[in-house]
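User: Got a model up and I'd like to talk it through. Can you help me read it?
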Amino acid sequence: MLVKSELPELVFIANPMKHVLKLLSLLVVISALWIGLLQASIIPQSHTWVLPIYFIVSLGCYGLLMVGVGLMRFPTCPQEALLLQQDIAEAKDFLKQKGVDVGSD
Amino acid sequence: MDAAKNKYSIIVPTYNERLNIALIVYLIFKHLPDEDFEIIVVDDGSPDGTQEIVKQLQKLYGEDRILLRPRAKKLGLGTAYIHGLKHASGNFVVIMDADLSHHPKYLPSFIKKQLETGASIVTGTRYVTGGGVHGWNLMRKLTSRGANVLAQTFLWPGVSDLTGSFRLYKKSVLEDVISSCVSKGYVFQMEMIVRASRKGYHIEEVPITFVDRVFGSSKLGGSEIVEYLKGLVYLMITT
């Protein structure tokens with residue numbers, strides 16, 4: 001029988017990367033790109049230095065935008081409250097007839 | 001999977017739901033006329049007589065259709081599901097709230113979705129077209145939306161409604177996922193679906209409507225927000 005201690009690969013498969021590590025890896029890749037840009041000097045260095053700030057601010061704005069848009073488009077269902085009241089009335093009638101106690105809480 | 005051979009165990013944890021449990025049982029029977037199912041009521045020693053009502057319902061519908069499996073006192077949702085699971089004889093398990101915020105009329109759509117896609121989990125989502133929420137004010141919607149954007153950005157959960165608790169599981173899948181979850185409260189619901197997603201289980205969503213009738217008595221205060229953020233960080237680190 002295969003045991004995790006005998007096969008290190010099994011440990012790797014059985015313990016996939018935690019999400020925070022995935023995010024950190026992504027951050028490392030982005031940082032590497034940024035450092036690469038700094039050294040390659042395609043964009044003037046003064047601009048490259050502030051790119052991380054632009055990135056964070058854009059992320060924040062995107063987040064706020066998503067919250068705002070989501071809030072505007074938040075799905076509501078006012079008719080459901082009415083339908084529920086009807087269902088409750090129907091249920092109470094039936095159960096009362098059959099001898100189940102449906103007095104209020 | 002042969003539809004005729006599926007049995008659905010519906011676990012309903014209750015605490016002081018004397019009236020709602022009767023209504024929900026009626027509605028489940030109304031909306032699942034052709035399915036083989038059982039309702040497992042896990043009552044945590046309700047002082048309002050919920051268990052007496054369940055016994056009356058058992059006389060009406062049959063003790064094989066309604067199982068009363070109570071516990072001595074309030075012990076929490078996660079353990080309620082585990083307790084209910086022990087008595088479940090179906091190959092599928094549905095978990096839902098007893099307060100009628102989850103309407104049994106969506107049960108057929110859960111079942112249909114699962115049969116169509118062969119999914120391991122079908123979760124109800126309030127946040128897509130066709131779904132919705134009633135009874136939330138602007139502040140509540142804002143916190144819900146903010147929480148959702150945070151979760152989507154940092155956790156990539158794979159579902160649109162993370163804290164929802166109206167779900168259909170293959171029984172074996174629920175047993176597997178629940179054994180690795182340790183959180184409490186609604187963070188527990190988040191942990192379940194995220195762990196299932198990480199484990200690679202096939203998850204599908206169906207739109208549901210959610211009528212919040214207890215809003216006002218259960219406020220969303222600062223402590224809930226802190227609890228949520230802590231839960232989010234915990235899930236980022238451990239899943």
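Analyst: Sure. One definition before we start: the expected span of a helix is 1.5 Å times one less than its number of residues. And keep in mind that this is a predicted model.

User: OK, so how does that work out for α1 of chain B, and how far apart are its end C-alpha atoms?
Analyst: Helix α1(B) covers residues 18-31, which makes 14 residues, so it should span 20 Å. Its end C-alpha atoms are 21 Å apart, which agrees.

User: Is α1(B) mostly covered or mostly open?
Analyst: Mostly covered: 12 of its 14 residues are buried. Among them are Arg18(B), Asn20(B), Tyr26(B) and Phe29(B).

User: What covers those buried residues?
Analyst: The cover includes β1, β2, α2, β3 and α4 of chain B, together with α4 (78-97) of chain A.

User: Switching to chain A, then. How many helices and strands are there?
Analyst: Chain A has 4 helices and 0 strands, so to speak in the order α-α-α-α along the sequence.

User: And what share of chain A is buried?
Analyst: Of its 105 residues, 17% count as buried. Chain A exposes about 7,800 Å², with carbon and sulfur atoms supplying 70% of that.

User: What about the second largest pocket: what volume, and which residues lie nearest its centre?
Analyst: Its volume is about 520 Å³. Of the 18 lining residues, Leu26(A), Leu27(A), Ile30(A), Phe55(A) and Leu59(A) lie nearest the centre.

User: Which element gives the most to that lining?
Analyst: α2(A), with 10 residues. The lining of the second largest pocket divides into 16 nonpolar residues, 2 polar and no charged.

Conventions:
Residues are numbered from 1 along each chain as its sequence is written. Chains are lettered from A and ligands numbered from 1 in the order in which they are written. This is a predicted model: local features need pLDDT of at least 70, side-chain atom pairs count only at pLDDT 80 or more; totals for chains, interfaces and linings use all residues. Side-chain values use heavy atoms; hydrogens and water are left out. On a 1 Å grid over the protein atoms alone, a cavity is a set of points where a 1.4 Å probe fits but cannot get out, and a pocket is an open set with protein on both sides within 12 Å along at least five of seven lines; lining residues have an atom within 4 Å of a point. Grid points are joined across faces, edges and corners, and a volume is the space filled by probe spheres set on the points. Helices (H or I, at least four residues) and strands (E, at least two) are DSSP runs, numbered from the N terminus. Ala, Val, Leu, Ile, Met, Phe, Trp, Tyr, Cys and Pro count as nonpolar, Asp, Glu, Lys and Arg as charged, and the others, Gly among them, as polar. Buried means under 20% relative accessible area, exposed over 50%, partly exposed in between (1.4 Å probe, protein chains only). Contact means heavy atoms within 4.5 Å. Accessible areas come from the Shrake-Rupley method with a 1.4 Å probe; for residues, only the protein chains shown count as cover.
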